[in-house]
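I opened this structure to look up a few local features. My notes follow in the order I took them.

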Amino acid sequence: SFLNLIKGDMQNHEKYKNKFITVKYNPWDFKEDKIIGLDLLKSISHELGNEKELQEKFKGLMVSLQGVDQSPWYKVIPNLLIGFTTEKSINDYREEIGKALQDQDKKLVIFLDDLDRLDGDEILEVFKTIRNSFDIANTFFILGFDIDYVVEQIKGKIKGEDGKALGYLDKIFQMLLN
């Protein structure tokens, strides 16, 4: 409910109208195993339908991500975007998307909810997608989840972290903890 209030204010408040492109994504609604990241990227691309320039750059980013990770969904991307080719790097697309957002004086805000209904592998898939794909200017994530549950789920699954799950999250997100 709180995330919906924030999103609604961004879309409807006179001061903020047309300043934000908002995307709401609930990974718990996605049922397929191990391709939550692809579904997130596809959902964001779909929401950019009114922003054709950004949508095309975003599709290019999706194609360029193939091979970044060994996760199965990265290997599926080219088959989903047949005919879309790229000669640019991931960083090129990130910079172009960020510049387009800055030029339009807009911010892309992605709301993720119900992460605390996923298992540890699914949670890490979402976090890896965010880490690998969204180092983009004017792009923000607002997440709602039970921090204790998420930390417990990803403990022991993080390579090189020796169970320091909260530290791992802090490397990806600026967190406000209550």
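I take helices (H or I, at least four residues) and strands (E, at least two) as DSSP runs, numbered from the N terminus. The model is a predicted one.

Entry one, a loop residue. I found Phe145 in the loop between strand 3 and helix 7 (147-154). I noted Phe145 as partly exposed because its relative accessibility is 22%, and buried would mean under 20%. Leaving out residues up to four places away in sequence, I listed Leu115, Asp116 and Val150 as touching Phe145. I also looked up Arg117, which is 28 residues from Phe145 along the chain; their C-alpha atoms are 8.6 Å apart.

Entry two, the strands. I counted six bridges between strand 2 and strand 3, and the two run parallel. Leu112 has Leu143 in strand 3 as its bridge partner. Following the chain from strand 2 through helix 6 to strand 3, I recorded a right-handed β-α-β crossover.

Entry three, helix 5. I checked the span of residues 90-103: 14 residues at 1.5 Å each should give 20 Å, and the end C-alpha atoms are 20 Å apart, so the two agree. Which residues of helix 5 are buried? I listed Ile90, Tyr93, Arg94, Ile97, Gly98, Ala100 and Leu101. Seen down the helix axis, these fall within an arc of 160°, so they line one face. On the other side of helix 5, I noted Glu95 and Asp103 as exposed. The buried residues of helix 5 pack against several elements, among them strand 1 (20-25), helix 3 (52-64) and helix 6 (120-133). Just after helix 5, I found Asp105 with a positive phi of about 55°.

Note on methods:
Residues numbered from 1 in each chain as written. Predicted model: local features only at pLDDT ≥ 70, side-chain atom pairs only at ≥ 80, totals over all residues. Heavy atoms only, no water. Expected span 1.5 Å × (residues − 1). Buried < 20%, exposed > 50% of the residue type's maximum accessible area, 1.4 Å probe, protein only. Arc of directions from axis to C-beta. Contact = heavy atoms within 4.5 Å. Pairing = 2+ DSSP bridges. Right-handed = clockwise from strand over helix to strand, strands pointing away.
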